Structures are given as C-alpha cells and as structure tokens.
Amino acid sequence: MAAMWLARRAARRLPPLLSRQGGEPTRPWFLGSTAPPPVLGSPPLPAVERIFRRGFCSVRRFAGESSAAAAADADEEEPENGFAGGDQAIDFPGGKVSFMAEMNFLPESHGERIKCYRVLDDDGKTISGSRFQEVSKEVAVKMYSEMVTLHIMDNIFYEAQRQGRISFYLTSNGEEAINIASAAALSIDDIVLPQYREPGVLMWRGFTLQEFANQCFGNNMDYGKGRQMPIHYGSNRLNYFTVSSPIATQLPHAVGAAYSLKMDKKDACAITYFGDGGTSEGDFHAALNFAAVMEAPVIFFCRNNGWAISTPTTEQFRSDGVVIRGQAYGIRGIRVDGNDALAVYSAVHAAREMAIAEGRPILVEALTYRVGHHSTSDDSTKYRPVDEIEHWRTARDPISRYRKWVQGNDWWSDAEESELRSRVRKELLQAIQVAERMQKPPVAELFTDVYDQVPSNLREQEQLLRDTIMKHPADYPTDVPV
Ligand SMILES: Cc1ncc(C[n+]2csc(CCOP(=O)(O)OP(=O)(O)O)c2C)c(N)n1
C-alpha cells in the first residue's frame with residue numbers, strides 16, 4: 001500500500017518538473033548549482049521526458065490507482081523529500097537508502113574548495129588557534145637540518161648530471177617539508193613505498209650521502225648493482241621499497257604490505273607516496289578501493305605539486321584536487337599545506353595513529369609546487385612562466401619558513417646554519433669522489449637476482465653482449481669489468 005502511495009505521489013510531482021509552459025520548477029534541479037535548471041518538456045518533447053512520463057504513468061497503472069483517488073490525495077501535506085509515511089527507505093545491498101521525489105542530480109562540486117590544514121603562516125609563526133603535534137627541540141632541529149641537507153644534495157647531484165658524471169637526476173626542490181616532515185612522523189617499522197621524489201624519507205631513516213652517491217653512480221656498492229637509473233634508491237634495512245618509476249604501481253603493493261602488517265598484528269602501517277599525475281592511473285583507484293574494503297592500515301600520501309611533467313592539474317582532473325576522491329572510496333582524508341613542515345608532520349602523525357589503531361586507510365593530499373624541472377630531461381620554462389616558479393622558490397620556500405619557526409624558538413642560530421651548510425657540502429663532494437672512483441659491478445651481474453638458476457636464453461644474451469663489447473670496445477664504458 002505504501003509503495004502504491006509513493007508511486008502516486010511521485011507521479012503527481014512530475015508535471016511541475018516537466019512543465020510544458022517552460023515555467024521554473026519549484027525545486028532546484030542540480031543541488032548546489034547556480035546554473036538555471038533545465039526546463040524539460042518544451043516542444044518538441046525531449047526523449048528524457050518521454051521516458052519519464054512513460055515510467056511514471058506505468059507506475060500509476062501498476063499501482064491500480066484511480067484518478068479520483070489521486071485527486072483526493074492532492075491536498076495532503078508534503079514532507080521535504082516529497083514523501084510521507086514510514087516506508088521511505090529500503091534495504092538495498094550495501095545498506096538502507098532513502099528515496100526522494102525530486103530528480104536531483106548530485107552536483108559536480110561542492111562549490112567551496114576543501115580547506116587546507118596549516119600551522120605556520122608565511123612568516124613561520126604558528127597561526128593562532130592552530131592545533132598541531134608537539135615536536136621536541138631534537139626532532140625539530142633534525143628536521144630542519146635534513147631539509148637543508150636534501151636541498152644541498154639535490155643541487156650538487158643536479159650539477160653532477162650537468163657535468164656528465166651521472167646520467168640522470170631529479171630533485172625534490174620545493175617539496176623538502178613533505179619529504180622530511182612526513183618521514184619524521186613515521187616509525188622505522190612503517191613500510192615506505194615511494195614514487196621517486198621522496199629521497200628525504202630515506203635520508204631521515206639513515207641512508208647516508210655515500211649510499212645515495214653509490215646508487216647514482218651505479219657502482220659496486222649500489223644495492224641495485226648498477227642496473228637502475230640514478231635516483232632508484234631502495235633499502236631493505238630501512239624498510240624502503242626500491243623506487244618505482246612506472247607511475248602508481250607502488251600503490252596496490254602498499255595496500256598488500258599494509259594488509260600483511262595488519263594480519264601480523266604489527267604496530268606499523270604502510271605509506272605510499274605519489275604525485276597528482278599518479279592519480280590518473282588505474283592503480284590509484286584499484287589501490288584505494290582495495291584498501292577501503294580490506295581495511296588496510298595504509299597512508300596514501302599525494303604530493304599535489306601542480307604538474308605532471310608538462311601537464312598541469314587543470315588538465316589532469318576536474319575534481320577538487322585529490323583528497324575529495326577518498327570519500328568516494330570510503331576513505332578518510334585531509335588536505336594539508338605541503339610547504340608547512342609542522343602541518344605535514346602533525347597530519348601524518350595523526351594519520352598513522354588512525355590507520356593502525358582503527359585499521360583503516362587514510363588519504364593525505366599535500367598541496368605544493370614542483371619548483372625544479374621534472375628531471376634533468378626536462379626544461380619546465382617551456383611550459384610554465386618563470387615568475388611563477390620564482391614565486392614558489394622564494395616567497396613560498398618551505399625551508400626558510402620552517403627555519404623562522406625553529407630560530408624563533410631559539411633552537412637554531414646563524415652560526416649553526418653556516419656550519420651545517422659547509423659540512424654537508426664537503427661530505428657530499430667527498431661521497432661523489434668516492435662513488436665515482438669505485439669499480440662498477442661486472443657485466444655478469446646484469447643477469448643475476450631474478451632466477452635462482454640463470455635460464456639458457458639469458459646465458460645466450462650474456463654471451464652475445466660480451467662478444468659485442470669485445471667487437472666494439474669504444475662504444476662501451478671502460479670501467480665495467482667484462
Ligand atoms: C605508467 C607510467 N606512465 C607514464 C610515465 C611517464 N612519466 C614519468 S613521470 C610522469 C609524471 C608524473 O607526475 P606526478 O605523478 O604528478 O609526479 P611528479 O613528477 O609531479 O612528482 C610521467 C607521466 C611513467 N613513468 N609511468
């Protein structure tokens with residue numbers, strides 16, 4: 001009976017919506033939209049109207065209502081959603097859903113953009129009323145020192161590439177706070193699955209400048225045995241998966257790693273980093289969905305730096321950034337100022353606690369800007385204005401902003417600053433010299449570590465490579481033992 005009544009009420013509400021006179025419907029068509037509602041029903045009759053008229057009429061026929069009975073209902077008071085009575089919701093698979101009589105489409109946006117959590121203002125002062133995780137002097141100073149170290153390492157390795165000493169490099173310029181502050185909020189037992197612009201996380205965990213240099217020079221001490229391009233760092237010891245250049249492939253892996261931590265009842269989570277460009281990959285969506293339904297303790301950390309090589313975010317997605325998408329998958333999230341070390345630290349600290357204690361994924365979107373070129377293979381001045389880059393490099397620099405706060409607490413001095421900078425520079429130049437002089441892994445290593453027993457086709461390839469090197473020695477590096 002209730003269903004019949006619902007159908008009758010729905011049918012009765014149709015005429016104003018589909019008015020042939022072209023008058024305004026009585027209710028907003030698109031929730032929250034400022035655009036005028038479309039007027040359906042102006043001649044010629046649009047297909048959608050024909051469908052709805054047919055649909056609603058057939059419901060009335062099914063309900064077996066007479067027009068007299070419908071007319072008798074006409075004066076009844078209407079509730080807000082167009083329905084009255086008890087049966088306004090049905091247990092569909094997935095839960096109870098209420099009905100509405102209006103054909104209201106969900107809006108494409110909420111109008112106002114999701115707010116961004118921030119602790120430090122542009123001058124490095126804590127914003128009044130801001131809530132953040134306390135940091136000890138020791139941690140605060142280590143965070144600052146490592147942000148500076150990362151910046152210097154980037155500049156020196158970048159130069160080394162320009163001098164032809166390494167084949168490739170990619171900086172984290174402008175994203176030092178994201179790197180170091182997020183790492184500082186984690187525990188060493190948390191498993192990191194990086195993209196490629198997060199070497200600071202590894203640095204925080206104790207990867208030495210010499211280890212960074214060994215990887216970039218692909219020498220005998222490189223854990224990847226020289227088989228990868230520079231910047232593909234990884235460390236078993238430090239729970240840091242080897243960098244994955246194919247975008248977003250690390251995200252589903254992170255969900256699996258997090259789920260295994262949960263099964264083992266470990267007091268740890270997984271964290272995976274990715275850029276705004278990575279969110280267009282299918283792996284991003286698969287990973288978020290899996291994490292939500294499996295209740296995996298994983299932190300999805302998106303570095304939304306505005307650019308995916310030359311693709312700006314306006315061409316990447318039309319959603320309000322990335323954090324909003326968490327909701328669609330049933331994942332809690334926060335948008336944070338990625339150039340504010342204290343905000344990043346506090347958000348990741350809280351995310352980690354929730355992920356582990358409640359067994360759930362958390363999405364963190366850090367808003368920032370890629371100050372450097374995408375990599376040494378890129379010239380970003382070809383596709384974005386130089387003054388935009390300069391603005392972010394100077395006025396919005398996360399390092400100087402955080403320094404003001406640390407120095408404002410009397411935890412840092414100008415003398416310490418110059419001592420740090422000259423020490424790190426010296427250590428790096430020394431590390432590069434050592435790495436450069438060290439022998440390269442022998443050719444044979446190219447074919448190991450995948451199969452327990454090297455299969456015959458790979459042995460053939462190895463022989464072919466040796467023969468080719470012997471035949472054309474000038475085309476091959478002399479420092480790789482054949
Ligand atoms: C699956 C895949 N597609 C394309 C590429 C080429 N590629 C390398 S980096 C990059 C841009 C990634 O941008 P984003 O994820 O925003 O990270 P960012 O470089 O800005 O830190 C692309 C498209 C790739 N490495 N992997």
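These exercises work through a predicted model, one part at a time.

**Exercise 1. The open sheet**

Task: State in what order the strands of the five-stranded open sheet stand, and explain why β3 and β8 each have one side without a neighbour.

Solution:
- Step 1. Read the order across the sheet: β3-β4-β5-β9-β8. The pairing is parallel.
- Step 2. Look at the ends of that order. β3 (191-193) and β8 (332-337) stand at the edges.
- Step 3. Count partners. Each edge strand has a single partner strand, so one side of each lacks a neighbour in the sheet.
- Step 4. Add the twist. From one strand to the next, it averages 20 degrees.

**Exercise 2. One pair inside the sheet**

Task: Find how many bridges join β4 to β5, and which residue of β5 is the bridge partner of Ile-271.

Solution:
- Step 1. Locate the strands: β4 covers residues 270-275 and β5 covers residues 298-304.
- Step 2. Count the bridges. There are six, and the two strands run parallel.
- Step 3. Pick out Ile-271. Its bridge partner in β5 is Ile-299.

**Exercise 3. The hairpin**

Task: Describe how β1 and β2 pair and what lies between them.

Solution:
- Step 1. Take β1 (residues 89-92) and β2 (residues 95-98). They pair in the antiparallel sense, over four bridges.
- Step 2. Check one bridge: Ala-89 has Ser-98 of β2 as its partner.
- Step 3. Look at the turn. Two residues separate the strands of this hairpin. Gly-94, in the turn, has a positive phi of about 105 degrees.

**Exercise 4. Helix α12**

Task: Determine which strands α12 lies across, what span is expected for the helix, and which elements its buried residues pack against.

Solution:
- Step 1. Place the helix. α12 (residues 341-358) lies across β5, β8 and β9 (362-367). Its angle to β9 is about 170 degrees.
- Step 2. Check the span. With 18 residues, α12 reaches 25 Å from first C-alpha to last, close to the expected 26 Å.
- Step 3. List buried residues. Among them are Leu-342, Val-344, Tyr-345, Val-348, Arg-352 and Ile-356.
- Step 4. Find their neighbours. The buried residues of α12 pack against α4 (137-162), α5 (176-184), β5, β8, β9 and α14 (398-408).
- Step 5. Move past the end. Just after α12, Gly-359 takes a positive phi of about 60 degrees.

**Exercise 5. Around the ligand**

Task: Say how many residues surround the ligand and how the shell divides into nonpolar, polar and charged.

Solution:
- Step 1. Count the shell: 16 residues. The closest are Ile-247, Gly-275, Gly-277, Gly-278 and Ala-308.
- Step 2. Find the elements that give two or more residues: β4 and β6 (307-308).
- Step 3. Sort the shell. Six residues are nonpolar, six polar and four charged.

Key: Residues are numbered from 1 along each chain as its sequence is written. This is a predicted model: local features need pLDDT of at least 70, side-chain atom pairs count only at pLDDT 80 or more; totals for chains, interfaces and linings use all residues. Two strands pair if DSSP finds at least two bridges between them. Axes are lines fitted to C-alpha atoms, for helices over the stretch in contact, and angles run from 0 to 180 degrees between N-to-C directions. Two residues are in contact if their C-beta atoms, placed from the backbone, lie within 7 Å. The expected span of a helix is 1.5 Å times one less than its number of residues. A residue is buried if 20 or more other C-beta atoms lie within 10 Å of its own, exposed if 12 or fewer, and partly exposed in between; C-beta atoms are placed from the backbone. A residue is near a molecule or strand if its C-beta atom, placed from the backbone, lies within 6 Å of it. Ala, Val, Leu, Ile, Met, Phe, Trp, Tyr, Cys and Pro count as nonpolar, Asp, Glu, Lys and Arg as charged, and the others, Gly among them, as polar.
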